[in-house]
There are 2 protein chains.
Amino acid sequence: MAHSKEMTRIGVIGAGPSGMSLLYHLAKMELEGKHIPDVVCYEKQPECGGLWNFDWRTGVDEHGEPIHGSMYRHLWTNGPKECLEFPDYTFDKHFGKAIPSFPTRKVVLDYMNGRWKTVDARRFFRVNTNVQKVIYNPKENNFTVWARDQVEDKDLPLETFSHIIVSTGHFSVPNMPYFKGVETFPGRVLHSHDFRDARDFKGKRLLVIGSSYSAEDISLHCVKFGAKSIVCSTRSGPMGFKWPVQIQERPLLERIEGQMVYFNDGSSTEVDTIIYCTGYKHSFRFLPDNLRLKTENSLYPPNLYKGIIWIKSGNNKLMYIGMQDQYYTMTMFDAQSFWACRVILGETILPEKETMEADIARWIQKLENATSTVQEIDFQTEYVMDLCHDSGYEHNLDVKDMFNHWEETKIENITTYRDHVYKSKFTGTVSCKHHKPFMAALDDRYEDL
Amino acid sequence: MAHSKEMTRIGVIGAGPSGMSLLYHLAKMELEGKHIPDVVCYEKQPECGGLWNFDWRTGVDEHGEPIHGSMYRHLWTNGPKECLEFPDYTFDKHFGKAIPSFPTRKVVLDYMNGRWKTVDARRFFRVNTNVQKVIYNPKENNFTVWARDQVEDKDLPLETFSHIIVSTGHFSVPNMPYFKGVETFPGRVLHSHDFRDARDFKGKRLLVIGSSYSAEDISLHCVKFGAKSIVCSTRSGPMGFKWPVQIQERPLLERIEGQMVYFNDGSSTEVDTIIYCTGYKHSFRFLPDNLRLKTENSLYPPNLYKGIIWIKSGNNKLMYIGMQDQYYTMTMFDAQSFWACRVILGETILPEKETMEADIARWIQKLENATSTVQEIDFQTEYVMDLCHDSGYEHNLDVKDMFNHWEETKIENITTYRDHVYKSKFTGTVSCKHHKPFMAALDDRYEDL
């Protein structure tokens, strides 16, 4: 059988920060004179931006598709903006002045949109388009995509791609374990995925279940906006922060009876609302098992060479961007995307499968030795830097010192960590303080930055 | 090309009342000595029962699939049970005594389960199984089904069927139109699909948007459980019932500014929560366009011969059960299912396509002439009776007199219509009154029936 020359054609699924970094780099490479392949970026929302879009709906959208967004109205970043600054599009370049280190969500989205607009990436978009199914065709060594135009309410013609990039995120499908009696609770039971506005919980006594970023931030958030009290139930020991008086920690929830909740130390309390901050699941309903990443939220998910190339199906043309647990965020997706572009354009050649598998094993072993927060930050820094070195990404993205400092400020005072200032690694600009401390700032107008 | 004898194999999607009626009739026919084909019934929930299962989750389930259920905790039927009584499994047969005419949801589910248990239908089940895709193969004249075992988290092998029955309901995908400013509303915005427990709205001032059964019942429900006030906004004129003092009607919502809501008569009010009771969309994300029913909520959806056979693709082997707007419910699904079984078993031969199209056109024309509630009830009665005559369904399902009486009791007093008694068409048993009037009965224990 004659082998036809395979056409390179890239299907990107998801136009959030990860997908947009990939489009950005391809478009930028083209501006620099390279020939780039045909690219289609599917996005089920009406706009790019991923989780940074605020959606007033919860549950399912008007087309019956699960809502992607978990964004809440008054979110401020929970890490310093200086740790997610793009070196080739700095905050100074976008804002023209110093802004606080923990901006509101609109500010972050505006910043990212600014970078994306410096190249013409919109031509790759198919927004309001939901990918229903992707399969790999071994004979043809390509992928088929079934997608649907949600607005026109019709199936699109099948499309074929040589490469698929999955950049659909992993903070959309709630992990919501059953607790005995939850079905009898008379108040609202929700997952942080559906949390939109803390003002709805004013005066309420809340049970927050969870011990990571969502639990921490939603608890503070609700205190800020007038919740009466919050009990935070954690499975693996207290978060241990110096909470404001309204927040108390309790151990694992054991059962619920009416409005009474019981913990496994025998204590109990009455609450009005239960908010699950129990995290999310990696979920790719459009992918068959042989292409589907299955992982806990991990700094190094399995079966991904360089945390990117899906090695299980042997074709090396399915890539995942942004699937790691996060200290690094935008810049990590950016390094991953740049590395992926190198591979797609044939500028980086992948090693043999055994070599890739051994490499994955080494990183996973390294991760097992990272048992403290400092070590985890080191790990992810090393991961990001390795991608940069391997791809020739021309900037140094190492911000571990800022991350470590940030972690210390949280331990020092969880209510004031957002009031600290940081210095840009790339411009030296020191951020300014917000005009009000985080816990007092109730009005998040964009203009107040 | 030799034509192989096509094997009859039935794929049923959805084990709610519609799907269960189909399984019931097939199993019953087998008990009566008929040979029935191989049957597989896919159900994404852990149990049969469809919308009658109460799900404490909202939005998406633990597998990332949209939640099917819209059931709320304290639901009572909104029509007399005597209008949905199975003639071959009466209330007397199940309960052994008279029970009230507007039972709670658990009572209804228990009753239906009782009927389903009189035959062995569970052997057809694949619960916790989500159908992702169905296509029709013209050459082979059969259907391929992609499904996923949600608990094992894996793709199932492809299955082939000669017939597909779609019985997935049409009260799961919210219709939730945008109103100017809704994204700024600081309180909770939810669709009735996510409404679970009225006690969560105690003391609140609600805006309910809508004018049909959900708006009516959720409003009363919330008053019953202590909501402070309810403004009901309707697009096409007031429902006009004699509401309790806490409920007022207003015309079309125009815009929302913070907590203030403005109507198109210039009036406005401040509310704490917005509940959309704006209905649902027929949605079949697993079906391609050429097999997919697209319809408003209608007493006679288009392209369905006898309201059942999908005529657009020419194969006549795709059937929909339960897709009509409803006065009749369980008994209509039962008549549809019986009729469908006759066709599947070759006992009823379908006419030519032109004849079927003409028949559909006649019914749609008839529907256009049904402009009042009485006429609509007449229409659907005629529809159900036509199915019964055509299939030899051996019972008379006509309960239009009871429906008309029920409508009158609602106009007379919307808060007491559930306190009326009705007589069983099949046993003559008169229901008993609930031990408390509906508006005073806050504790819905099954034992209180």
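A strand here is a DSSP run of E with at least two residues, and strands are numbered from the N terminus. The model treated in these exercises is predicted.

**Exercise 1. Place A:T278 in chain A and list what it touches.**

Solution.
- Step 1: Strand β17 of chain A covers 273-276 and strand β18 covers 280-281; A:T278 sits in the loop between them.
- Step 2: Leaving out residues up to four places away in sequence, A:T278 touches A:N175, A:M176, A:P177, A:H191 and A:I209.
- Step 3: A:T234 lies 44 residues from A:T278 along the chain, and the two C-alpha atoms are 9.4 Å apart.

**Exercise 2. State what confidence the predictor assigns to chain A and to the complex.**

Solution.
- Step 1: Chain A has a mean pLDDT of 96, with 98% of its residues at 70 or more.
- Step 2: For the complex, the predictor gives an ipTM of 0.94 and a pTM of 0.96.
- Step 3: A caution applies to any remaining residues: predicted coordinates should not be read in detail where pLDDT is low.

**Exercise 3. Determine how chain A and chain B are related.**

Solution.
- Step 1: A turn of 180° with a shift of 0.0 Å along the axis lays chain A on chain B, with an RMSD of 0.0 Å.
- Step 2: The two copies are therefore related as by a two-fold rotation axis.
- Step 3: Both copies use the same surface, since 100% of the contact residues of chain A recur in chain B.
- Step 4: The residue of chain A that comes closest to the rotation axis is A:G59, whose C-alpha is at 1.7 Å.

**Exercise 4. Classify the packing of helices α1 and α3 of chain A as parallel or antiparallel, and describe the contact.**

Solution.
- Step 1: Helix α1 spans residues 17-31 and helix α3 residues 105-116; their axes come within 10 Å and cross at roughly 20°.
- Step 2: Angles under 35 degrees count as roughly parallel, so α1(A) and α3(A) are roughly parallel to each other.
- Step 3: The crossing of α1(A) and α3(A) is left-handed.
- Step 4: From α1(A), the residues A:P17, A:M20, A:S21, A:Y24 and A:H25 meet A:M112, A:R115 and A:W116 of α3(A).
- Step 5: This contact of α1(A) with α3(A) comprises 5 nonpolar, 2 polar and 1 charged residues.

**Exercise 5. Do the same for α7 and α8 of chain A.**

Solution.
- Step 1: The axes of α7 (residues 373-391) and α8 (residues 400-412) of chain A come within 10 Å, with a crossing angle of roughly 155°.
- Step 2: Angles over 145 degrees count as roughly antiparallel, which makes α7(A) roughly antiparallel to α8(A).
- Step 3: The crossing of α7(A) and α8(A) is right-handed.
- Step 4: α7(A) contributes A:T373, A:V374, A:I377, A:D378 and A:T381 to the contact, and α8(A) contributes A:K400, A:F403, A:N404 and A:E407.
- Step 5: By class, these residues are 3 nonpolar, 3 polar and 3 charged.

**Exercise 6. Analyse the pair α6 and α7 of chain B.**

Solution.
- Step 1: Helix α6 (residues 353-368) and helix α7 (residues 373-391) of chain B have axes that come within 10 Å and cross at roughly 155°.
- Step 2: α6(B) and α7(B) are therefore roughly antiparallel to each other.
- Step 3: B:W363, B:K366 and B:L367 of α6(B) make the contact with B:F379, B:E382, B:Y383 and B:D386 of α7(B).
- Step 4: The contact of α6(B) with α7(B) has 4 nonpolar and 3 charged residues, and no polar ones.

How values were computed. Residues are numbered from 1 along each chain as its sequence is written. Chains are lettered from A and ligands numbered from 1 in the order in which they are written. This is a predicted model: local features need pLDDT of at least 70, side-chain atom pairs count only at pLDDT 80 or more; totals for chains, interfaces and linings use all residues. Side-chain values use heavy atoms; hydrogens and water are left out. Axes are lines fitted to C-alpha atoms, for helices over the stretch in contact, and angles run from 0 to 180 degrees between N-to-C directions. Helices (H or I, at least four residues) and strands (E, at least two) are DSSP runs, numbered from the N terminus. Angles under 35 degrees count as roughly parallel, over 145 as roughly antiparallel, 65 to 115 as roughly perpendicular and the rest as oblique. A crossing is left-handed if the near helix is turned anticlockwise from the far one by less than a right angle, and right-handed if clockwise. Contact means heavy atoms within 4.5 Å. Ala, Val, Leu, Ile, Met, Phe, Trp, Tyr, Cys and Pro count as nonpolar, Asp, Glu, Lys and Arg as charged, and the others, Gly among them, as polar. pLDDT is the predictor's confidence in each residue, from 0 to 100. Copies are superposed by least squares on the C-alpha atoms of residues with pLDDT of at least 70 in both.
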